Each structure stands twice: as structure tokens, then as C-alpha cells.
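Grab a coffee and open your viewer. Here are some exercises to work through, each with a solution you can check against the coordinates.

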Amino acid sequence: MTRRILAVAFVALVVLAGCQSPAGTGGGAVETTTAPATSDFDYADPAGDALGWEGGYWHNESLPVTVDDGLNETERDQVVNRSMARVEQLRGIEFQKPVPVDVISRSTYRDEYTGTGNSSDAMATFDNVKFEALFLVGERNDSLSVQNENRGSNVLGFYTPRDDRIVVISESETPTIDENTLGHELMHALQFRNFQANFSSPTRDKANAHNGLIEGEASFLDSQYSERCGAEWECATPEAAGGGGGGGGSIHLGVYMMKYFPYSAGSAFVEHVHSDGGWDAVAGVYDQPPASSEQVAQPEKYGSDQPRDVSLPDRSTDSWERVTPGGRAPYGEVGVGGLTAMFGYPAYEQDRHPQDAVLNPLNYGANGDIDQDSPFDYATQPVAGWDGEKLWVYENGNETAYTWRLAFDSNGDAREFARTYRHLLQYWGAEQRSNGVWRIPENESEFADAFRVTRSGNEVTIVNAPTPGDLGDVHSQ
């Protein structure tokens with residue numbers, strides 16, 4: 001299932017960081033009456049199907065719809081058909097058949113499409129420890145619930161390849177459609193109908209890498225769609241939807257930053273590929289998708305800098321048992337998207353001291369403003385040299401622990417990561433002991449634990465345990 005999430009939630013990040021908030025993305029005129037788009041265009045229906053025409057409507061045609069009172073079924077069909085014509089006009093691929101589109105309320109989406117499902121105990125434990133390792137969700141909260149809360153608040157729409165169907169979430173009691181969201185999801189329909197877009201993604205890094213192509217292409221296209229709304233095209237998008245509204249509810253900004261990777265870095269990645277070879281070059285990436293999120297965040301590394309298969313042997317005692325959830329890789333691998341969220345979250349975490357931020361993850365353009373299409377920089381100095389990783393999760397009764405080894409391109413890159421990671425430990429209240437051991441006291445934060453941080457050449461190894469005395473049992477030196 002592919003989803004379009006709020007492309008404007010980063011405005012909240014900017015405000016919390018004390019920067020000037022840019023205008024919301026999207027936009028476009030509210031279409032209320034029929035008006036000619038261009039006087040010299042022949043709007044007669046073609047003899048057969050034609051690129052830029054679907055269901056009786058051309059891509060630049062005006063519609064007799066009003067959006068202030070919502071879209072009735074007839075108006076919605078008109079908007080969907082014209083949006084299909086617009087997407088195929090921009091992308092150069094014909095829709096061979098219509099795509100069913102349902103519009104539901106935010107409350108219906110939360111009730112019917114969010115929830116932890118039937119996650120196993122092993123999966124729940126594994127996910128909790130992984131998000132604790134990233135200093136995003138502590139032991140007092142459940143990581144799956146936090147992620148579901150985020151989805152319930154910021155998902156705008158989604159396409160289901162299995163059903164070949166789109167669901168758009170309307171923030172209004174009278175159903176409306178944000179045309180940019182619709183265009184984004186229609187692009188997904190073209191992807192899954194025309195390319196091999198079902199990739200195996202056993203880890204977070206692989207999922208971010210593959211979705212960097214899938215969501216990146218859709219985001220790149222819906223930016224082009226948005227630019228034409230109100231300029232070349234009349235668009236049936238309510239002002240609130242196009243101007244950067246939200247879905248209500250609470251958003252965990254650190255988790256959001258990690259999950260937003262495919263949209264932010266992916267859009268820039270696809271733009272880079274497109275600038276070199278057009279849509280044909282983008283289509284060619286499906287035959288050789290990015291091997292890591294690093295290749296998406298730094299497009300110049302695509303196809304050349306392959307991730308390393310990091311070796312991390314099990315050196316635990318019998319009392320500590322590895323947690324290996326089924327249906328995915330037995331180890332964690334968060335990549336540059338997860339590491340950026342880990343280091344960037346303190347800039348927006350309000351319970352402590354955001355002025356002591358570890359780094360600023362925002363991506364600024366040449367004019368000094370935040371890039372609204374790619375608002376986050378996932379190639380900052382502490383993570384830019386990432387070359388692979390493995391994170392093993394352990395449990396001993398009710399206690400959990402982990403070992404995490406990260407490889408980098410050079411000794412200097414590893415040294416910079418280790419330095420920034422120690423800064424992160426200090427932000428969360430850690431006190432340094434000896435031999436690379438740190439301890440976060442119980443009263444300091446919800447991440448109270450012991451940590452051993454060591455560097456050997458271009459690799460950094462982090463061992464976590466409940467107490468300093470447990471570190472050797474989890475991973476002996």
C-alpha cells in the first residue's frame with residue numbers, strides 16, 4: 001500500500017526550530033464555473049483514446065463543478081477523469097482503464113485503516129527496541145501505536161495495488177478532493193500497472209530505498225501538477241486542502257521525519273534522474289532500484305556505492321536471546337533516513353532543551369528558504385558516509401538490549417558519526433563512565449540505559465543494556 005502523507009507538516013518543524021515558516025505547498029484556484037482554458041484548443045472528443053484525454057475530458061478543460069458544498073458523485077467522476085488525463089499528459093503514459101476512487105472522512109480512515117493489526121510479540125518487541133535505539137520512542141510508549149497515530153493524522157490518500165483502487169481522505173464533512181493528492185495516487189496506479197514496482201523490502205533502509213523511487217516519482221509529478229494549478233489549469237481543490245492544512249491529531253515529528261524520507265529525498269532523486277535522461281531514465285530505474293536509502297539521498301552514488309554486508313557476530317551469553325520476527329530480515333537496518341531522524345529529532349523535541357539540538361535536518365535552497373519539495377537533508381555530515389549496518393535485538397525476560405554496528409566509507413566518517421552519537425547521548429542525559437561506557441540515569445529520560453560506544457577503523461559498534469554490568473553479557477568485547 002502506498003500513501004501520500006502531508007507534504008506540509010515540515011512547517012511545524014520550521015516553527016519549532018525558530019525559523020520563518022514558508023507558505024504551504026500545493027494550491028490552485030477553486031473551480032466554481034465553466035470557463036475556457038485556452039481559446040484555440042479543440043475540445044472535441046477524439047476518435048479513440050488519446051494521451052491527455054480521459055472519460056470525455058481533456059487535461060486542460062474546465063469543469064462545471066463547485067467545491068464549496070463538496071463534490072457529488074457526478075462532479076467527482078468528472079474531476080477523477082480530468083485528473084487521469086492530466087497525469088497521463090505529464091507522465092506520457094496512457095491509462096488503459098479507469099481507476100476506482102473512493103473518498104472517505106478522516107475519522108473513517110482512522111477507524112478502518114489504522115491499527116497494529118496482528119503483530120506478533122516478537123515483532124512488537126523488535127520494533128520497540130529499534131525505535132528506542134533511535135531515541136524516538138522510549139520504553140514508556142509502544143512504537144507501533146505511535147506510528148499508527150501518525151498515519152491517522154497525516155495520511156492524505158493511498159493506492160492499493162491489490163485492489164487497483166485509490167482512497168482519498170477528505171477533511172471536510174462534505175466530500176472534497178485535493179487534486180494534488182489524487183494526481184499523486186494516480187501516478188502510483190500507472191507505476192504498478194506499467195512497471196515492476198513490487199520490490200522486496202525486508203528492512204527500513206530497503207523500504208526507504210525502494211519507496212524513494214516509487215514515492216519520489218509520484219511526488220515529483222504532483223509538484224508539476226501543483227505548479228499548473230491556478231496557472232495553466234483550473235483545479236477543483238478547496239483552498240484549505242491546497243494551502244497546507246493538516247489532518248488534526250498529534251504527529252511525532254521524529255517518526256514523521258524518518259517516514260517522510262521517500263517523499264523528500266525521493267523527489268530530489270527522481271528529479272536528478274529525470275534531468276539527465278527524462279522519463280525514460282526514470283522508468284529504467286525500476287529494473288535496477290536503489291540498493292540503499294543512501295543512494296536516494298545522494299543520487300550520485302546510485303548504481304556505484306553499494307552497501308556493505310556488515311558482520312556482527314553473536315557474542316551474548318545464554319541469558320540473552322535474539323529476537324527475530326518472521327516475514328522480514330532478522331536484524332534492523334534504518335539507513336540514512338533513520339539516522340537523520342535520530343540526530344534531527346532533538347531540534348523539535350520539546351520536553352528537554354531543543355536549543356541544544358544535535359543537528360538541523362532542514363534542507364535549504366540557494367535562496368536560503370527551505371526546499372518545500374525536499375524539506376529534509378538526509379545527507380548531513382554525521383550520516384553522509386554511511387556504508388551499511390546491522391542491529392540485533394535481544395531479550396532476557398522483561399528486559400531488552402541490542403548490539404548495533406555501523407560501517408562508513410572512511411575512518412573520518414566513522415569518527416564523525418561516533419562524535420555526534422556521543423553528543424546525542426549527552427542530550428538525552430547520559431553521563432560518561434570509562435572505556436566508552438555511558439549511562440542515562442533513570443530520572444533523566446525514558447531512554448535510561450547503559451551504552452558502550454567503540455570505533456574500530458571505519459566501523460562504530462554500539463551496545464545497549466539495562467545496566468553497565470549487563471553490557472558484557474549482551475556483547476562481550
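The exercises below go from the whole chain down to single residues, and the model they use is a predicted one.

**Exercise 1. The whole chain**

Work out how many helices and strands the protein chain has, and what share of its residues is buried.

*Solution.* Start with secondary structure: there are 14 helices and 13 strands in the protein chain. Next, burial: of the 477 residues, 56% are buried. Then look at the surface, where the chain exposes about 18,900 Å², with carbon and sulfur atoms supplying 43% of that area. Finally, check how the contacts are spread along the sequence: among those between residues at least 6 apart, 73% join residues at least 24 apart.

**Exercise 2. The disulfide**

Find which cysteines are joined by a disulfide, give the handedness of the link, and decide whether each partner is buried or exposed.

*Solution.* As a reminder, a disulfide is a covalent bond between the sulfur atoms of two cysteines. Step one is the search: with a cut-off of 2.5 Å between cysteine sulfur atoms, the count comes to one disulfide. Step two is the pair itself, Cys-229 and Cys-235, with an S to S distance of 2.0 Å. Step three is the torsion: the angle about the S-S bond is -85°, and the link of Cys-229 and Cys-235 is left-handed. Step four is accessibility, where buried means under 20%. Cys-229 comes in at 7% relative accessibility, so it counts as buried. Cys-235 is at 0%, so it is buried too.

**Exercise 3. Two partners for helix 7**

Describe how helix 6 and helix 2 each pack against helix 7.

*Solution.* For a packed pair, you want the angle between the axes and the distance between the axes.

Take helix 6 (residues 179–194) and helix 7 (residues 204–228) to begin with: their axes are 8 Å apart and the angle is about 135°. Helix 6 and helix 7 are therefore oblique to each other. Their crossing is right-handed. On the helix 6 side, the residues in contact include Gly-183, His-184 and Met-187, and on the helix 7 side they include Ala-218, Leu-221 and Tyr-225.

Now for helix 2: it packs with helix 7 at about 110°, with the axes 10 Å apart. That makes helix 2 roughly perpendicular to helix 7. This crossing is right-handed as well. Ser-83, Arg-86, Val-87, Leu-90 and Arg-91 in helix 2 meet Glu-217, Leu-221, Gln-224, Tyr-225 and Arg-228 in helix 7.

To finish, zoom in on Gln-224, which sits in helix 7. Its relative accessible area is 17%, so Gln-224 counts as buried. Leave aside its neighbours within four places in sequence, and Gln-224 is in contact with Leu-90 and Trp-279.

**Exercise 4. Helix 12**

Say how many residues of helix 12 are buried.

*Solution.* Go along residues 335–344 and tick them off: ten of the ten are buried, so helix 12 is largely enclosed by the rest of the structure. Among the residues on that list are Val-336, Leu-339, Met-342 and Phe-343, along with Gly-335 and Gly-344.

**Exercise 5. Positive phi**

For Phe-135 and Asp-164, find the phi value of each, then place the two residues.

*Solution.* Keep in mind that most residues other than glycine have a negative phi. Phe-135 has a positive phi, near 55°. You'll find Phe-135 in the loop between helix 4 (121–133) and helix 5 (143–154), and it is buried at 0% relative accessible area. Asp-164 also has a positive phi, about 50°. Asp-164 lies in the loop between strand 5 (155–160) and strand 6 (165–170), and its 15% relative accessibility makes it buried.

**Exercise 6. Asp-69 and His-475**

Decide for each of these residues: buried or exposed?

*Solution.* Asp-69 is in the loop between strand 3 (57–58) and helix 2 (73–91). Its relative accessible area is 53%, so Asp-69 is exposed. The C-alpha atom of Asp-69 is 8.6 Å from that of Thr-176, a residue 107 positions away along the chain.

His-475 belongs to the segment after helix 14 (471–474). With a relative accessible area of 3%, His-475 is buried. Leaving out its neighbours within four places in sequence, His-475 has contacts including Leu-312, Pro-313, Thr-403 and Val-463.

Notes
Residues numbered from 1 in each chain as written. Predicted model: local features only at pLDDT ≥ 70, side-chain atom pairs only at ≥ 80, totals over all residues. Heavy atoms only, no water. Buried < 20%, exposed > 50% of the residue type's maximum accessible area, 1.4 Å probe, protein only. Helix = DSSP H or I, 4+ residues; strand = E, 2+ residues; numbered from the N terminus. Contact = heavy atoms within 4.5 Å. Areas by Shrake-Rupley, 256 points an atom, 1.4 Å probe, with all protein chains shown as cover. Axes fitted to C-alpha atoms, helices over the stretch in contact; angles between N-to-C directions. Parallel < 35°, antiparallel > 145°, perpendicular 65-115°, else oblique. Left-handed = near helix turned anticlockwise from the far one by under 90°.
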